[in-house]
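Me: I would like a close look at a single part of this protein, set against the chain as a whole. Please define the terms as you go.

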Amino acid sequence: LLSDTGTESAKIVQALLQTVKGVFAGAVEALNQLIAINPANGQAYVNLGAAQEKLGNMDEAIAAYESAAANGKEAEANKKLSTVFLKKASAALKGGNAAEALENAVKSNDYVASANACKVAASASMKLGKPMDAINFYEKYLEVNPNAADKSDILFTIAATYQKAGNKAKAAEYYGKLTGD
């Protein structure tokens, strides 16, 4: 199989061997050659995206996952895209760039709704002085993760944010959820 290095099967084996060895640049090369042979191979794009992620090439990973989605691997690619954008959102929030964090958290949720992306978006919204947007993201967080370990903290944050905004009725509603009233 490996003696005929130009076949699709040989490229698959080469890519797998490079990946197993942890030689992700070699895997990228083999996967690009595989895609040149069969541009409709959605799994090759998924694997290319994963290899690009391992190399820290997030823009290339995103492009590969988008191609995977266009070539029959939409569900798997969307999960990967959601994760990539969540990583970018978390890094941006940690780095103090709330606008970039919000943008990437929203993109993450566009692919697959995730409690973590909602929470990052809520935190970023608060830092950007958009408390009502933060409330919406916190509510979505609880919708996606109704049994969250920090549910009480989130309910309190929502209640306090409504109170600060002057919406006493909504604040009372959320304080009531904390006490079970």
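Reply: What follows looks at Asp-150 and its surroundings, after a short view of the whole chain and before a second residue, Ala-51.

This is a predicted model, in which local features need pLDDT of at least 70 and side-chain atom pairs count only at pLDDT 80 or more, while totals for chains, interfaces and linings use all residues. Residues are numbered from 1 along each chain as its sequence is written, and side-chain values use heavy atoms, with hydrogens and water left out.

The protein chain has 10 helices and 0 strands, where helices (H or I, at least four residues) and strands (E, at least two) are DSSP runs numbered from the N terminus. Its radius of gyration, taken over C-alpha atoms, is 22 Å, whereas a compact globule of 181 residues would have one near 16 Å, by the rule of 2.2 Å times the number of residues to the power 0.38. Along the principal axes, the C-alpha atoms fill a box of roughly 75 × 30 × 25 Å. Of the 181 residues, 37% are buried, meaning under 20% relative accessible area with a 1.4 Å probe and protein chains only, with exposed set at over 50% and partly exposed in between.

Asp-150 lies in the loop between α8 (131-144) and α9 (151-164). With a relative accessible area of 15%, Asp-150 is counted as buried because that value is under the 20% cut-off. The side chain of Asp-150 makes a polar contact of 2.3 Å with the side chain of Lys-119; such a contact is a pair of N or O atoms within 3.5 Å, and within protein one must be able to donate a hydrogen and the other to accept it, while residues adjacent in sequence count only if both atoms are side-chain atoms. Leaving aside residues up to four places away in sequence, Asp-150 touches Lys-119 and Tyr-141, a contact being heavy atoms within 4.5 Å.

Ala-51, by comparison, is placed in helix α3 (residues 42-54). Ala-51 counts as buried because its relative accessibility is 4%. Again not counting residues up to four places away in sequence, Ala-51 touches Phe-24, Ala-27 and Val-28. Ala-51 and Ala-30 are 21 residues apart in sequence, and their C-alpha atoms are 11 Å apart in space.
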